[in-house]
Every structure is written in structure tokens, then in C-alpha cells.
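Reader: I should like to go through this model term by term and hear what stands behind each label. Could you set the values against the definitions as we go?

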Amino acid sequence: MEFSSRARQKHLRLAGDRRELYPHSLQFYLEPPTESISLVEFESFAIDRLKLLKVVENLGVSYVRSTDSYKTKLENELRKLKFPYRALAEDDYEARRKDHISHFILRLAYCQSEDLRRWFLQQEMDLFRYRFSQLTDGLMQKFLEHVNLSFEAVSEDLKTELANELCASTPGLSLPKVKEQMFYKVGLADAVDLFRTRRVFVKDGFAYVPFKEIDAIVLNNYRTKLSKALALTARSLPSIQSDERLQPLLNHLSHSYIGPDYSVQKNTGKISLEQIDSLSVKSFPLCMRQLHKALRDSHHLRHGGRMQYGLFLKGIGLTLEQALEFWKKEFIRGKVDADKFDKGYAYSIRHSYGKEGKRTDYTPYSCMKIIMSNPPSQGDYHGCPFRHSDPELLKQKLQSYKIPPSGITQILELVKGMHYQLACQKYFELTHEVDDIGFSLNHPNQYFTESQRLLSGGREPKKELSTSGNSQQKNNNQESVNLNSTPTSSDTTADTELEGLEAYFTED
């Protein structure tokens, strides 16, 4: 009995410590985690949060953020990935811990360039906006006190005195509602967004903000803090990159692909060379359609294009023998004779199929790999057309493919907002004449698979592809990593695999 009593006391003490560590389900992520975790958990947390932010991005474009559909889908994703999805009382410690740690891991990965910082900031802001909106009034007030944003409440007497001004200056509030609503005196610097859009009454350097608008103040504060933190983290990266345990996990997280493994060929030999021309029009994503056309026009591709397109063709089912025949026929129509092809290019193709060199079976490029690495230069045709093409040239290309003007406008708007994968999804919808593909597009080979499924009538577009991930665990994954240090960026195998392959593709 004495032992069980002590154990119970210890349990209660630990529970108290946990509540003290994460008193709220929501936070500004001001303090980095200091505990030690295994590299398995480190990678798992990072991938789950990346999946979550990808969903946030996709939903933000597909739905109005305040609608029930948006909220329901996002809550389902939070539940599925075991992140805090509501302001639960005390029983979601593990979810809060995961939320805290995973944020800081991705902050390290996405602080390395302006584009990455902008993307991460936008998705984290949208996620925070949703979660803040789910708080009850009481929990919202507690959270504001927790992050030192407790503003002075306007007294009933002053509110009665200013009732007409508050009613006239605050959209959506009638005089009776003004009397029911709690107002706060907020410094003008904190309420600049509300002031700019004329949604608050201003007097003597203070904005009189209704409780229902306080989220704009909180979001602006959070944006400022997170933006500064990303810049500071970027400056500290060089000192972290020497950690050999973390580097493989962090170096490519900002490029990482989290969907099915397309290095496993499920359709090997089912596609004939004669079908490729028609398939390129019907079922290739724009990046691969562009490469195929360039190859047919000039009978040659430089090494970046050969790598990107060759591995894609391998992924859709071309056997090694078919690949050798395909590339040889096309190259000898250009300036490459058969002998030169057999001595140089044929080796690199066999190498990509794991038949030469290290015998590594290379993986087709994901969208993030294509978007984030090896941008095309003059004379190249690889890369992502939505990311790397001039908008006017992209518009002309889409017009030549008979995309309707309204669709082109939608695609260019997504490109302008740097939603390149969503622009490709819109291209899929327009070329396949469907209203909503219902899945998140992350890979050119996924585009091909879904296109073939839809065109064959075998299945309606799926609501969500399995994102169980195909990240491979490293030998050192059981080691611990101390999160008190500040690490860098993550996928794991793709780039190291391709280092050897690139050497064989450098000949133009």
C-alpha cells in the first residue's frame, strides 16, 4: 500500500509538471524544447507536421477558411496525425508535446531561404488562425494572459459614452450588440491591420477592439514573432550543420516527399513505346509533357532533363530494355551516333536502373525535388514549369494546350501565390474536366497514376492518397538527439542516391 501511494504521488507530480510545461493547447513557440528524443521520433514528428502543413495549404486554396467544410477537414487531419485539435483540458500532453517539438524541427528546415520562410510562415499562420478560432471565450482570455497580450478592458461607463462611435466604426455591430460585446483598448501599433481596413474606432492613440476582432491582433503579434525567429534561426544554422546525426534528416526536409514510393514499378512492361506520345498528351504532368516535346523536337535533352524524365518513365513502367531502345532511337535521330550512345549514355541508363555502379535503384523525382533543386538554365527543359517558367511563356504554353482563359487565370493566380503544386492540380482538373480531384498532388508519377485511373474509368478520383510515407529509417535512428541544440533542413535518401547518378549524366 505504501508503495502504491508513493507511485500515485509520483504520477500526480509528473502530471503537474506536464500541465505546467504545456498549460495551453495553443502557443507562440517562444521557447525551444530542451528534452532528448530519438532520431526515429525526430523524423516522425517532422514528417507528420509537414503532412499537416501541406493539408493546410491545400485546404486554404480549395475552401473558404471560415466554412464548416474547411474546419471539418482540418480537424480530421489534426486528429489523424495526433496534433492538438481542440482546447482539451489536461489529457492531450503527448499531442501538445508533438506540436511543440515538430514546429521547431520544421522551423530549422524552412528558415534557409526567403521562399521557404514565406511558405512556412503562411501555413503556420493559417494553422494558428484555425486553432485560435476554436477556443472558447474563457480559454481565449487565458491564452491572451499567457502570452502577455492582456489588454485593458473598456469599462461599461466608457462603452456607453462611446456607443454611437463604436457602432459606426465597427462593421457588423448594431447598438444593442455593442452593449453586449466586450471591448479592449489596444495600442495603435498592435491594431494596425484593423485600423488600415477601418474596422475599429480610434481615439487618443488607442484602437477600441471588440472581442470578436481580437484574433487579428493576436495573429499580427504571432506573425511578427515567428518572422523574427525564422531570421534568427537562419543565422544560427552554420553552427548546427556539423552534427552528423542530424544532417541526413535535416538536409532535405524542405524538399521532402511524403507519399508513395514510385521507385517500386507496379506497371513494369505494361506500357509500350508506341503509347508514350499519346500518354504525354493525356496523362503526363506539364513538366514531363514539356520534356517529352523537347526531346521529340530536338532529339536530345541535357543531363538535368534526362535525369528528371528518365526516372519518371522508369516510374510509369518502362523496363530497362525499353528505356535503352527509347533513348537510343531518339538520340541517333539527332547528333549522337549509335557507338557514342552505347559507350556513354547507355551506361547512365543502366546505372539509373540499378544495374551498374553501386547498384542503387534510383527513385523518380517528387514535385518538391523538382521545384526546389537544380533550376533550369538556358537550353534546359527540366524543372517545374509553374515554378521556373516566365508567367507570359507559361500562359502561351497553356493556351497552346487549349486550357480555357478562366482556367489559365486561376493557374496564374496560384503561381503568383507560389502554390506551384496546387497550380499543377488545377491543370489536372482542367485537362481531365473534373471539378475537384480530391487529393493532394505531390509527385509527377502520382499525377500519371491518377490520370490513368480516371481515364480508364476504374475509379473516381480518390479523396486522399495514403501519406503513410516511405522514409527509410537510418542505422543511427535509435540514437538520441538533444533538442536544446538548434539544427538545419530533410527527405533522406533521394539526394544522396542521385549524387552518383549525376556524374553519369553530365555529358551533353
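Author: Let us begin with burial, since a residue is called buried when its relative accessible area is under 20%, exposed when that area is over 50%, and partly exposed in between. Please keep in mind throughout that this is a predicted model.

Reader: Why is Glu213 called buried or exposed, as the case may be?

Author: The relative accessibility of Glu213 is 9%, and because the limit for a buried residue is under 20%, Glu213 counts as buried. Glu213 is placed in the loop between strand 5 and helix 11, and, with neighbours within four places in sequence left aside, it is in contact with Leu194 and Arg199.

Reader: What makes Ser400 partly exposed?

Author: Its relative accessible area is 45%, a value that falls between the limits of 20% and 50%, so the label is partly exposed. Ser400 belongs to helix 20, which runs over residues 391–400, and a polar atom of the Ser400 side chain lies 2.6 Å from the backbone oxygen of Lys397.

Reader: How do you know whether His299 is buried or exposed, and what does it touch?

Author: His299 has a relative accessibility of 15%, and since buried means under 20%, His299 counts as buried. The residue sits in the loop between helix 14 (286–298) and helix 15 (303–316), where a polar atom of its side chain lies 3.5 Å from the backbone oxygen of Arg296. Leaving out neighbours within four places in sequence, the contacts of His299 are with Ala294, Glu330, Phe331, Arg333 and Gly334.

Reader: Which positions does UniProt list as "binding site", and how do you know that they cluster in space?

Author: The UniProt entry, which is unreviewed, places the feature "binding site" at Cys287, Cys367, Cys384 and Cys424. These positions are spread over 138 residues of sequence, yet the largest C-alpha distance among them is 9.8 Å, and it is on this distance that the statement of clustering rests.

Reader: Why are Cys367 and Cys384 given the label they have for accessibility?

Author: Cys367 has a relative accessible area of 11% and Cys384 a relative accessibility of 10%; because the cut-off is under 20%, each value leads to the label buried. Cys367 is in helix 18 (residues 367–372), whereas Cys384 is in the loop between helix 18 and helix 19 (385–388). Apart from neighbours within four places in sequence, Cys367 is in contact with Gln421, Asn442, His443 and Pro444, while Cys384 is in contact with Ile370, Ile371, Ser389 and Tyr420.

Reader: How do you know that the span of helix 17 agrees with what is expected?

Author: Helix 17 has 15 residues (338–352), and because the expected span is 1.5 Å times one less than the number of residues, it should span 21 Å; the end C-alpha atoms are 20 Å apart, which agrees. Helix 17 nevertheless bends by about 40° at Tyr345, a residue that is listed among its buried members together with Phe341, Ala346, Ser348, Ile349, His351 and Ser352.

Reader: What makes Asp337 a cap of helix 17, and what follows the helix?

Author: A side-chain oxygen of Asp337 lies 3.2 Å from the backbone nitrogen of Asp339, and Asp337 caps the N-terminal end of the helix in this way; the distance is within the 3.5 Å allowed for a polar contact. Helix 17 is followed by Gly354, whose phi is positive, near 75°.

Reader: Which residues touch the most other members of the largest nonpolar core, and which element gives the most to it?

Author: That core has 62 residues, of which Phe128, Phe132, Phe143, Val209 and Ile214 touch the most other members. The elements that give two or more residues to this core include helix 5 (114–133), helix 6 (137–146), strand 5 (206–210) and helix 11 (214–236), and helix 2 gives the most, with ten residues.

Reader: Why is Asn58 given its label, and how far is its C-alpha atom from that of Leu422?

Author: Asn58, found in helix 2, has a relative accessibility of 13%, and as this is under 20%, Asn58 counts as buried. Although Asn58 and Leu422 are 364 residues apart along the chain, their C-alpha atoms are separated by 7.0 Å. Not counting residues up to four places away in sequence, Asn58 touches Leu422, Gln425, Phe439 and Ser440.

How values were computed:
Residues are numbered from 1 along each chain as its sequence is written. This is a predicted model: local features need pLDDT of at least 70, side-chain atom pairs count only at pLDDT 80 or more; totals for chains, interfaces and linings use all residues. Side-chain values use heavy atoms; hydrogens and water are left out. UniProt positions are given in the numbering used here, feature names are shortened, and annotations may be inferred rather than shown by experiment. Helices (H or I, at least four residues) and strands (E, at least two) are DSSP runs, numbered from the N terminus. Buried means under 20% relative accessible area, exposed over 50%, partly exposed in between (1.4 Å probe, protein chains only). Contact means heavy atoms within 4.5 Å. The bend at a residue is the angle between axes fitted to the seven residues ending there and the seven starting there. A polar contact is a pair of N or O atoms within 3.5 Å; within protein, one must be able to donate a hydrogen and the other to accept it, and residues adjacent in sequence count only if both atoms are side-chain atoms. A nonpolar core is a set of buried Ala, Val, Leu, Ile, Met, Phe, Trp, Tyr and Cys residues joined through side-chain atoms within 4.5 Å.
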